[in-house]
Protein chains: 2
Amino acid sequence: MGEREIIAIFVQMAQALGAPRSLGEIYGLLYATPQPLAFQDIVDRLDMSKGSVSQGLRFLRSVGAIKPVSRAGDRREFFEPVLELRQLVAGFLRERLNPQIKEWGVRARALRPDDFSFGALAADDRETVSKRLTKLKTWQKRAGTVLPVVSKLLG
Amino acid sequence: MGEREIIAIFVQMAQALGAPRSLGEIYGLLYATPQPLAFQDIVDRLDMSKGSVSQGLRFLRSVGAIKPVSRAGDRREFFEPVLELRQLVAGFLRERLNPQIKEWGVRARALRPDDFSFGALAADDRETVSKRLTKLKTWQKRAGTVLPVVSKLLG
DNA sequence: GATTTAGTTCATTTTGAATTGAACTCGACG
DNA sequence: CGTCGAGTTCAATTCAAAATGAACTAAATC
(Lines give C-alpha, C1' and ligand atoms only; values in the text may rest on other atoms or scores of the structure.)
Protein backbone atom coordinates (compact mmCIF):
# COMPACT_ATOMS: atom_id res chain seq x y z
CA MET A 1 0.00 0.00 0.00
CA GLY A 2 1.58 3.27 -1.16
CA GLU A 3 -0.31 5.39 1.33
CA ARG A 4 2.37 5.13 3.97
CA GLU A 5 5.01 6.10 1.45
CA ILE A 6 3.10 9.22 0.39
CA ILE A 7 2.75 10.18 4.02
CA ALA A 8 6.46 9.62 4.53
CA ILE A 9 7.26 11.99 1.68
CA PHE A 10 5.11 14.73 3.17
CA VAL A 11 6.63 14.14 6.61
CA GLN A 12 10.03 14.66 5.05
CA MET A 13 8.85 17.85 3.36
CA ALA A 14 7.39 19.15 6.60
CA GLN A 15 10.62 18.54 8.44
CA ALA A 16 12.70 20.17 5.71
CA LEU A 17 10.62 23.30 6.22
CA GLY A 18 10.97 23.13 9.98
CA ALA A 19 7.35 22.15 10.55
CA PRO A 20 6.23 19.38 12.93
CA ARG A 21 6.00 15.92 11.41
CA SER A 22 2.37 15.61 12.47
CA LEU A 23 1.48 18.25 9.88
CA GLY A 24 3.12 16.16 7.20
CA GLU A 25 1.31 13.07 8.37
CA ILE A 26 -2.10 14.69 8.35
CA TYR A 27 -1.69 16.42 5.01
CA GLY A 28 -0.11 13.28 3.55
CA LEU A 29 -2.99 11.11 4.67
CA LEU A 30 -5.52 13.49 3.15
CA TYR A 31 -3.46 13.64 -0.03
CA ALA A 32 -3.30 9.88 -0.32
CA THR A 33 -7.01 9.41 0.29
CA PRO A 34 -9.46 10.10 -2.56
CA GLN A 35 -12.37 10.85 -0.23
CA PRO A 36 -12.43 13.64 2.34
CA LEU A 37 -11.77 12.45 5.89
CA ALA A 38 -13.28 13.48 9.21
CA PHE A 39 -11.42 14.34 12.38
CA GLN A 40 -11.90 10.95 13.97
CA ASP A 41 -10.88 9.13 10.77
CA ILE A 42 -7.56 10.90 10.92
CA VAL A 43 -7.08 10.10 14.59
CA ASP A 44 -7.78 6.44 13.91
CA ARG A 45 -5.78 5.98 10.74
CA LEU A 46 -2.69 7.82 11.96
CA ASP A 47 -3.02 6.56 15.52
CA MET A 48 -2.41 10.11 16.67
CA SER A 49 -3.86 11.91 19.70
CA LYS A 50 -6.96 14.06 19.30
CA GLY A 51 -4.97 17.01 20.57
CA SER A 52 -2.37 16.78 17.82
CA VAL A 53 -4.94 16.26 15.11
CA SER A 54 -6.98 19.21 16.35
CA GLN A 55 -4.00 21.55 16.35
CA GLY A 56 -2.66 20.18 13.10
CA LEU A 57 -5.95 20.69 11.30
CA ARG A 58 -6.22 24.19 12.65
CA PHE A 59 -2.80 25.12 11.33
CA LEU A 60 -3.33 23.48 7.95
CA ARG A 61 -6.61 25.33 7.60
CA SER A 62 -5.01 28.63 8.59
CA VAL A 63 -2.43 28.39 5.81
CA GLY A 64 -5.00 27.17 3.32
CA ALA A 65 -3.45 23.73 2.85
CA ILE A 66 -6.72 21.90 3.39
CA LYS A 67 -10.33 22.81 3.00
CA PRO A 68 -13.34 21.70 5.00
CA VAL A 69 -16.27 20.11 3.18
CA SER A 70 -19.70 19.33 4.55
CA ARG A 71 -21.76 16.25 3.87
CA ALA A 72 -25.50 16.33 4.01
CA GLY A 73 -26.86 14.51 7.03
CA ASP A 74 -23.53 14.28 8.84
CA ARG A 75 -22.59 16.85 11.38
CA ARG A 76 -18.89 16.06 11.24
CA GLU A 77 -16.55 18.23 9.21
CA PHE A 78 -14.59 16.50 6.49
CA PHE A 79 -11.32 17.66 5.05
CA GLU A 80 -9.66 17.44 1.69
CA PRO A 81 -6.24 18.65 0.61
CA VAL A 82 -5.74 21.78 -1.45
CA LEU A 83 -3.71 20.54 -4.39
CA GLU A 84 -2.35 23.84 -5.69
CA LEU A 85 1.27 24.29 -4.72
CA ARG A 86 0.91 28.03 -5.13
CA GLN A 87 -1.69 28.24 -2.40
CA LEU A 88 0.31 26.12 -0.03
CA VAL A 89 3.44 28.20 -0.45
CA ALA A 90 1.55 31.48 -0.35
CA GLY A 91 -0.19 30.46 2.85
CA PHE A 92 3.02 29.31 4.43
CA LEU A 93 4.82 32.55 3.54
CA ARG A 94 1.92 34.68 4.67
CA GLU A 95 1.38 32.98 8.02
CA ARG A 96 4.88 32.04 8.95
CA LEU A 97 7.55 34.11 7.28
CA ASN A 98 5.91 37.48 6.67
CA PRO A 99 5.14 38.24 10.32
CA GLN A 100 8.73 37.37 11.19
CA ILE A 101 10.10 39.62 8.46
CA LYS A 102 7.98 42.49 9.71
CA GLU A 103 9.35 42.01 13.21
CA TRP A 104 12.95 41.94 11.98
CA GLY A 105 12.22 45.22 10.31
CA VAL A 106 10.98 46.79 13.53
CA ARG A 107 13.98 45.59 15.48
CA ALA A 108 16.46 46.49 12.75
CA ARG A 109 15.12 50.01 12.40
CA ALA A 110 15.46 50.48 16.14
CA LEU A 111 19.22 49.92 15.98
CA ARG A 112 21.35 53.06 16.19
CA PRO A 113 25.05 53.10 15.27
CA ASP A 114 25.74 55.11 18.44
CA ASP A 115 24.79 52.12 20.55
CA PHE A 116 27.98 50.46 19.39
CA SER A 117 30.39 53.03 20.67
CA PHE A 118 31.53 51.08 23.68
CA GLY A 119 35.07 52.12 24.52
CA ALA A 120 37.28 53.35 21.73
CA LEU A 121 35.81 52.56 18.35
CA ALA A 122 37.98 53.82 15.52
CA ALA A 123 36.41 56.00 12.88
CA ASP A 124 36.52 53.41 10.14
CA ASP A 125 35.09 50.80 12.49
CA ARG A 126 32.18 53.09 13.19
CA GLU A 127 31.83 53.48 9.47
CA THR A 128 31.78 49.69 8.98
CA VAL A 129 29.17 49.17 11.67
CA SER A 130 27.07 51.91 10.22
CA LYS A 131 27.17 50.39 6.75
CA ARG A 132 26.25 46.99 8.05
CA LEU A 133 23.26 48.30 9.93
CA THR A 134 22.08 49.98 6.75
CA LYS A 135 22.55 46.73 4.86
CA LEU A 136 20.55 44.83 7.43
CA LYS A 137 17.65 47.22 6.95
CA THR A 138 17.93 46.85 3.18
CA TRP A 139 17.72 43.07 3.49
CA GLN A 140 14.56 43.28 5.45
CA LYS A 141 12.92 45.46 2.82
CA ARG A 142 14.03 43.29 -0.04
CA ALA A 143 12.83 40.11 1.61
CA GLY A 144 9.41 41.70 1.99
CA THR A 145 9.41 42.52 -1.73
CA VAL A 146 10.58 39.15 -2.97
CA LEU A 147 8.25 36.85 -1.08
CA PRO A 148 5.09 37.84 -2.93
CA VAL A 149 6.93 37.38 -6.22
CA VAL A 150 7.94 33.87 -5.23
CA SER A 151 4.43 32.79 -4.54
CA LYS A 152 3.34 34.22 -7.88
CA LEU A 153 6.09 32.28 -9.62
CA LEU A 154 4.72 29.06 -8.24
CA GLY A 155 1.17 29.76 -9.30
CA MET B 1 25.71 48.15 23.47
CA GLY B 2 23.73 47.17 20.36
CA GLU B 3 25.78 44.07 19.70
CA ARG B 4 23.51 41.82 21.74
CA GLU B 5 20.49 43.17 19.92
CA ILE B 6 21.99 42.46 16.50
CA ILE B 7 22.78 38.95 17.63
CA ALA B 8 19.22 38.56 18.89
CA ILE B 9 17.87 39.56 15.48
CA PHE B 10 19.99 36.95 13.73
CA VAL B 11 19.01 34.33 16.29
CA GLN B 12 15.39 35.07 15.50
CA MET B 13 16.07 34.80 11.78
CA ALA B 14 17.86 31.50 12.24
CA GLN B 15 14.99 30.07 14.21
CA ALA B 16 12.42 31.27 11.68
CA LEU B 17 14.32 29.28 9.05
CA GLY B 18 14.50 26.21 11.28
CA ALA B 19 18.23 26.57 11.88
CA PRO B 20 19.88 26.21 15.30
CA ARG B 21 20.15 29.39 17.31
CA SER B 22 23.90 28.95 17.65
CA LEU B 23 24.23 29.72 13.93
CA GLY B 24 22.40 32.98 14.44
CA GLU B 25 24.58 33.84 17.39
CA ILE B 26 27.82 33.21 15.56
CA TYR B 27 26.83 34.99 12.38
CA GLY B 28 25.30 37.83 14.39
CA LEU B 29 28.47 38.32 16.41
CA LEU B 30 30.57 38.43 13.26
CA TYR B 31 28.08 40.82 11.70
CA ALA B 32 28.16 43.15 14.68
CA THR B 33 31.96 43.17 14.90
CA PRO B 34 33.91 45.31 12.42
CA GLN B 35 37.07 43.21 12.66
CA PRO B 36 37.29 39.52 11.75
CA LEU B 37 37.22 37.20 14.75
CA ALA B 38 39.10 33.99 15.49
CA PHE B 39 37.61 30.73 16.73
CA GLN B 40 38.57 31.32 20.35
CA ASP B 41 37.27 34.91 20.26
CA ILE B 42 33.87 33.56 19.33
CA VAL B 43 33.95 30.91 22.05
CA ASP B 44 34.83 33.57 24.62
CA ARG B 45 32.45 36.30 23.56
CA LEU B 46 29.43 34.05 23.12
CA ASP B 47 30.36 31.81 26.05
CA MET B 48 29.64 28.84 23.81
CA SER B 49 31.34 25.45 23.75
CA LYS B 50 34.19 24.81 21.33
CA GLY B 51 32.16 21.99 19.84
CA SER B 52 29.24 24.21 18.90
CA VAL B 53 31.44 26.93 17.51
CA SER B 54 33.40 24.43 15.46
CA GLN B 55 30.28 22.91 13.93
CA GLY B 56 28.63 26.27 13.51
CA LEU B 57 31.59 27.73 11.65
CA ARG B 58 31.79 24.68 9.43
CA PHE B 59 28.15 25.03 8.42
CA LEU B 60 28.34 28.77 7.88
CA ARG B 61 31.39 28.27 5.71
CA SER B 62 29.71 25.52 3.72
CA VAL B 63 26.79 27.77 2.79
CA GLY B 64 29.08 30.70 2.08
CA ALA B 65 27.74 32.86 4.89
CA ILE B 66 31.17 33.68 6.28
CA LYS B 67 34.61 33.75 4.81
CA PRO B 68 37.96 32.92 6.41
CA VAL B 69 40.71 35.52 6.31
CA SER B 70 44.36 35.06 7.25
CA ARG B 71 46.53 37.46 9.15
CA ALA B 72 50.27 37.57 8.64
CA GLY B 73 52.17 36.13 11.60
CA ASP B 74 49.11 34.53 13.21
CA ARG B 75 48.33 30.94 12.57
CA ARG B 76 44.72 31.22 13.66
CA GLU B 77 41.96 31.57 11.09
CA PHE B 78 39.80 34.66 11.31
CA PHE B 79 36.27 34.97 10.03
CA GLU B 80 34.18 37.76 8.63
CA PRO B 81 30.55 37.74 7.51
CA VAL B 82 29.56 37.67 3.87
CA LEU B 83 27.22 40.63 3.58
CA GLU B 84 25.47 39.80 0.31
CA LEU B 85 21.98 38.46 0.96
CA ARG B 86 22.01 36.75 -2.40
CA GLN B 87 24.95 34.57 -1.45
CA LEU B 88 23.44 33.63 1.88
CA VAL B 89 20.15 32.60 0.37
CA ALA B 90 21.78 30.84 -2.56
CA GLY B 91 24.02 28.88 -0.20
CA PHE B 92 21.15 27.97 2.03
CA LEU B 93 19.01 26.78 -0.86
CA ARG B 94 21.87 24.85 -2.41
CA GLU B 95 23.01 23.08 0.74
CA ARG B 96 19.76 22.59 2.52
CA LEU B 97 16.73 22.60 0.27
CA ASN B 98 18.00 21.34 -3.08
CA PRO B 99 19.22 17.96 -1.82
CA GLN B 100 15.86 17.46 -0.13
CA ILE B 101 13.96 18.36 -3.28
CA LYS B 102 16.01 15.88 -5.27
CA GLU B 103 15.18 13.17 -2.77
CA TRP B 104 11.46 13.95 -2.88
CA GLY B 105 11.70 13.53 -6.61
CA VAL B 106 13.27 10.11 -6.31
CA ARG B 107 10.65 8.94 -3.84
CA ALA B 108 7.74 10.51 -5.73
CA ARG B 109 8.78 8.94 -9.02
CA ALA B 110 8.91 5.55 -7.32
CA LEU B 111 5.22 5.73 -6.44
CA ARG B 112 2.92 3.63 -8.61
CA PRO B 113 -0.87 4.09 -8.64
CA ASP B 114 -1.26 0.30 -8.49
CA ASP B 115 0.17 0.27 -4.99
CA PHE B 116 -3.01 1.93 -3.82
CA SER B 117 -5.42 -0.75 -4.95
CA PHE B 118 -5.98 -2.28 -1.56
CA GLY B 119 -9.40 -3.83 -1.41
CA ALA B 120 -12.08 -2.31 -3.61
CA LEU B 121 -11.03 1.04 -4.97
CA ALA B 122 -13.64 2.49 -7.28
CA ALA B 123 -12.62 3.58 -10.76
CA ASP B 124 -12.93 7.29 -10.08
CA ASP B 125 -10.99 6.93 -6.85
CA ARG B 126 -8.18 5.29 -8.77
CA GLU B 127 -8.39 8.18 -11.18
CA THR B 128 -8.13 10.69 -8.32
CA VAL B 129 -5.14 8.96 -6.78
CA SER B 130 -3.47 8.78 -10.13
CA LYS B 131 -3.94 12.49 -10.76
CA ARG B 132 -2.61 13.38 -7.35
CA LEU B 133 0.51 11.31 -7.83
CA THR B 134 1.13 13.12 -11.10
CA LYS B 135 0.63 16.45 -9.39
CA LEU B 136 3.11 15.52 -6.68
CA LYS B 137 5.74 14.80 -9.32
CA THR B 138 4.95 18.12 -11.02
CA TRP B 139 5.49 19.98 -7.76
CA GLN B 140 8.86 18.49 -7.31
CA LYS B 141 9.97 19.55 -10.77
CA ARG B 142 8.63 23.03 -10.38
CA ALA B 143 10.27 23.54 -7.01
CA GLY B 144 13.59 22.59 -8.59
CA THR B 145 13.02 25.21 -11.30
CA VAL B 146 11.93 28.02 -9.04
CA LEU B 147 14.67 27.92 -6.44
CA PRO B 148 17.46 29.15 -8.72
CA VAL B 149 15.21 31.98 -9.88
CA VAL B 150 14.61 33.05 -6.30
CA SER B 151 18.27 33.36 -5.51
CA LYS B 152 18.76 35.40 -8.70
CA LEU B 153 15.94 37.69 -7.65
CA LEU B 154 17.73 38.46 -4.43
CA GLY B 155 21.05 39.23 -6.12
C1' DG C 1 -32.89 17.95 30.43
C1' DA C 2 -29.93 13.89 30.16
C1' DT C 3 -26.81 11.71 27.05
C1' DT C 4 -24.00 11.13 23.28
C1' DT C 5 -20.96 12.76 19.72
C1' DA C 6 -17.59 16.16 17.88
C1' DG C 7 -13.98 18.74 18.71
C1' DT C 8 -10.88 22.02 21.80
C1' DT C 9 -7.69 23.30 25.44
C1' DC C 10 -3.83 23.08 28.04
C1' DA C 11 -0.81 21.02 31.81
C1' DT C 12 2.24 17.23 31.68
C1' DT C 13 5.31 14.06 29.28
C1' DT C 14 8.12 12.61 25.55
C1' DT C 15 11.45 12.91 22.08
C1' DG C 16 14.79 14.28 19.00
C1' DA C 17 17.73 18.04 17.77
C1' DA C 18 21.11 21.17 19.71
C1' DT C 19 24.67 21.67 22.88
C1' DT C 20 28.27 20.33 25.79
C1' DG C 21 32.73 18.65 27.17
C1' DA C 22 36.37 15.46 27.39
C1' DA C 23 39.38 12.99 24.46
C1' DC C 24 41.52 13.40 20.37
C1' DT C 25 44.36 15.07 16.01
C1' DC C 26 47.52 17.95 13.73
C1' DG C 27 51.02 21.12 13.13
C1' DA C 28 54.37 24.62 15.15
C1' DC C 29 58.08 25.66 17.95
C1' DG C 30 61.64 25.17 21.45
C1' DC D 1 61.11 14.32 20.99
C1' DG D 2 57.82 16.86 24.27
C1' DT D 3 54.38 20.11 24.83
C1' DC D 4 51.60 23.87 23.62
C1' DG D 5 47.93 26.03 20.97
C1' DA D 6 44.29 25.60 17.60
C1' DG D 7 40.67 23.19 16.20
C1' DT D 8 37.78 18.60 15.52
C1' DT D 9 35.00 14.66 16.88
C1' DC D 10 31.50 12.29 18.94
C1' DA D 11 29.19 10.04 23.04
C1' DA D 12 26.49 11.85 26.72
C1' DT D 13 23.41 15.48 28.34
C1' DT D 14 20.18 19.19 28.04
C1' DC D 15 16.31 21.48 26.60
C1' DA D 16 12.69 23.31 23.80
C1' DA D 17 9.27 21.94 20.67
C1' DA D 18 5.95 18.52 19.78
C1' DA D 19 2.78 14.98 21.27
C1' DT D 20 -0.23 13.19 24.64
C1' DG D 21 -4.40 12.62 27.26
C1' DA D 22 -7.69 13.95 30.56
C1' DA D 23 -10.86 17.51 31.46
C1' DC D 24 -13.54 20.49 29.21
C1' DT D 25 -17.23 23.10 25.89
C1' DA D 26 -20.77 23.05 22.40
C1' DA D 27 -24.11 21.25 19.69
C1' DA D 28 -27.11 17.55 18.24
C1' DT D 29 -30.23 13.52 19.70
C1' DC D 30 -33.25 11.08 22.44
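Of the atoms of DNA strand C within 4 Å of the protein, 58% are sugar or phosphate atoms and the rest belong to bases. The model is predicted: local features need pLDDT of at least 70, side-chain atom pairs count only at pLDDT 80 or more, and totals for chains, interfaces and linings use all residues. Side-chain values use heavy atoms, without hydrogens and water, residues are numbered from 1 along each chain as its sequence is written, and chains are lettered from A and ligands numbered from 1 in the order in which they are written.

DNA strand C is surrounded by 18 residues. A residue is near a strand if one of its heavy atoms lies within 4 Å of it. The closest are Ser54(A), Arg58(A), Arg75(A), Arg21(B) and Ser22(B). By class, this surface holds 3 nonpolar, 8 polar and 7 charged residues. Here Ala, Val, Leu, Ile, Met, Phe, Trp, Tyr, Cys and Pro count as nonpolar, Asp, Glu, Lys and Arg as charged, and the others, Gly among them, as polar.

Both protein chains contribute elements to the surface near DNA strand C. H4 and strand E3 (74-81) of chain A, with helix H2 (21-32) and H4 of chain B, each supply at least two residues. Helices (H or I, at least four residues) and strands (E, at least two) are DSSP runs, numbered from the N terminus. H4(A) gives the largest share, 5 residues.

Polar contacts to DNA strand C involve both phosphate and base atoms. A polar contact is a pair of N or O atoms within 3.5 Å; within protein, one must be able to donate a hydrogen and the other to accept it, and residues adjacent in sequence count only if both atoms are side-chain atoms. An N or O atom in the side chain of Arg58(A) lies 2.8 Å from a phosphate oxygen. The side chain of Arg75(A) places an N or O atom 2.7 Å from a base oxygen. For Glu77(A), a polar backbone atom is 3.0 Å from a phosphate oxygen.

DNA strand D is surrounded by 17 residues. Ser22(A), Ser52(A), Phe39(B), Ser54(B) and Arg58(B) are the closest. Sugar or phosphate accounts for 61% of the DNA strand D atoms within 4 Å of the protein, and bases for the rest. The surface near DNA strand D has 3 nonpolar, 7 polar and 7 charged residues. At least two residues come from each of helix H2 (21-32) and helix H4 (50-62) of chain A, and helix H4 (50-62) and strand E3 (74-81) of chain B. The largest share, 5 residues, belongs to H4(B).

Serine side chains of both chains approach phosphate oxygens of DNA strand D. A polar side-chain atom of Ser22(A) is 2.7 Å from one phosphate oxygen. For Ser54(B), an N or O atom in the side chain is 2.7 Å from a phosphate oxygen. Gln55(B) addresses a base: an N or O atom of its side chain lies 3.5 Å from a base nitrogen.

In chain A, 3 strands form an open antiparallel sheet in the order E1-E3-E2. Strand E1 (37-38) and strand E2 (66-71) are the edge strands, each pairing on one side only. Two strands pair if DSSP finds at least two bridges between them. E1(A) and E3(A) are antiparallel, with 2 bridges. Ala38(A) stands opposite Phe78(A), and Leu37(A) opposite Phe79(A). E2(A) and E3(A) run antiparallel and are joined by 5 bridges. Phe78(A) is also the bridge partner of Val69(A). The hairpin of E2(A) and E3(A) has 2 residues between the strands, and Gly73(A) takes a positive phi near 70° there.

H2(A) and H4(A) pack at about 75°, with axes 9 Å apart. Axes are lines fitted to C-alpha atoms, for helices over the stretch in contact, and angles run from 0 to 180 degrees between N-to-C directions. The two helices, H2(A) and H4(A), are therefore roughly perpendicular (65 to 115 degrees). Contact (heavy atoms within 4.5 Å) is made by Leu23(A), Ile26(A) and Tyr27(A) of H2(A), and by residues of H4(A) including Val53(A), Leu57(A) and Phe59(A). This contact has 7 nonpolar, 2 polar and no charged residues.

Chain B also has an open antiparallel sheet of 3 strands, ordered E1-E3-E2. Its E2(B) and E3(B) are joined by 5 bridges. Val69(B) has Phe78(B) as its bridge partner in E3(B). H4(B) lies across E2 and E3 of chain B, at about 110° to E2(B).

Note on methods: Angles under 35 degrees count as roughly parallel, over 145 as roughly antiparallel, 65 to 115 as roughly perpendicular and the rest as oblique.
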